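Here is a colleague's note for someone who is meeting this structure for the first time. Please keep the sequence and the model open while reading the points.

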Amino acid sequence: MPYFIYKLRPPLPPESAGSFEAYREARTAVRAMRRALGRDDPVTVRMVFAPNEAQAERLLTERREPRPLGEDA
């Protein structure tokens with residue numbers, strides 16, 4: 001499964017910034033993109049591991065409940 005990289009600018013939909021088969025390549029690309037952003041830039045760069053681009057976008061946009069404190073996973 002590939003690693004998808006997205007730029008997030010709420011309230012706009014996620015913007016695809018590429019995909020990589022290897023984790024190290026994806027991590028390096030994400031770190032470089034984050035370094036290129038200014039401190040006041042509202043963009044967030046995220047990496048998602050998913051079987052396809054549609055699933056990756058769904059994972060990025062779904063709301064998750066925070067895990068309760070004190071409970072083990």
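The numbered points below go from the whole chain to its sheet, its helices and a few single residues.

1. It should be said at the outset that this is a predicted model, and that every value in this note was computed from it. The chain has 73 residues, of which 23% count as buried, and its C-alpha atoms fill a box of roughly 35 × 30 × 20 Å when that box is taken along the principal axes.

2. The secondary structure amounts to two helices and three strands, and a reader who follows the sequence from its beginning will meet them in the pattern β-β-α-β-α. Among the contacts in the chain with a separation of 6 or more, 48% are made by residues 24 or more positions apart.

3. As for the surface, the chain exposes about 5900 Å², and carbon and sulfur atoms supply 49% of that area. The chain carries 13 positive and 11 negative charges, and the mean positions of these two groups are 6 Å apart.

4. The three strands form an open sheet with the order 2-1-3 and antiparallel pairing. Strand 2, residues 15-20, and strand 3, residues 44-49, are the edge strands, since each of them pairs on one side only. On average, and with direction ignored, neighbouring strands of this sheet are turned by 25° against each other. As a general point, the strands of a sheet pair through backbone hydrogen bonds, either parallel or antiparallel.

5. Strand 1, which spans residues 3-8, is joined to strand 3 by six bridges, and the two run antiparallel. Two facing pairs can be located on the model here: Tyr-6 stands opposite Arg-46 in strand 3, while Leu-8 stands opposite Thr-44 in strand 3. Is strand 1 mostly covered or mostly uncovered? Strand 1 is mostly covered, as five of its six residues are buried.

6. Strand 1 also pairs with strand 2, again in the antiparallel sense, over five bridges, and one pair to look for is Tyr-3 with its bridge partner Phe-20 in strand 2. A hairpin of six residues joins strand 1 to strand 2. Pro-11 lies in the loop between these two strands, and the peptide bond leading from Pro-10 to Pro-11 is cis, with omega near 5°, a detail that deserves a separate look in the model.

7. Which strands does helix 1 touch? Helix 1, residues 23-36, packs on the sheet and touches strand 1, strand 2 and strand 3, and its direction makes about 170° with that of strand 3. Helix 2, residues 53-61, lies across strand 1, strand 2 and strand 3 as well, running at about 45° to strand 1.

8. Gly-18 lies in strand 2, and, if residues up to four places away in sequence are not counted, Gly-18 touches Tyr-3, Phe-4 and Ile-5. Why does Gly-18 count as partly exposed? The reason is that its relative accessibility is 27%, a value that falls between the limits of under 20% for buried and over 50% for exposed. Gly-18 and Ala-29 are eleven residues apart in sequence, and their C-alpha atoms are 9.1 Å apart in space.

9. Pro-42 is found in the loop between helix 1 and strand 3. Because its relative accessible area is 61%, Pro-42 counts as exposed, the cut-off for that class being over 50%. Although Pro-42 and Arg-9 are 33 residues apart in sequence, the two are 6.5 Å apart in space, C-alpha to C-alpha.

Terms used:
Residues numbered from 1 in each chain as written. Predicted model: local features only at pLDDT ≥ 70, side-chain atom pairs only at ≥ 80, totals over all residues. Heavy atoms only, no water. Helix = DSSP H or I, 4+ residues; strand = E, 2+ residues; numbered from the N terminus. Buried < 20%, exposed > 50% of the residue type's maximum accessible area, 1.4 Å probe, protein only. Contact = heavy atoms within 4.5 Å. Areas by Shrake-Rupley, 256 points an atom, 1.4 Å probe, with all protein chains shown as cover. Lys, Arg positive; Asp, Glu negative; His and termini not counted. Charge placed at Lys NZ, Arg CZ, Asp CG, Glu CD. Pairing = 2+ DSSP bridges. Axes fitted to C-alpha atoms, helices over the stretch in contact; angles between N-to-C directions.
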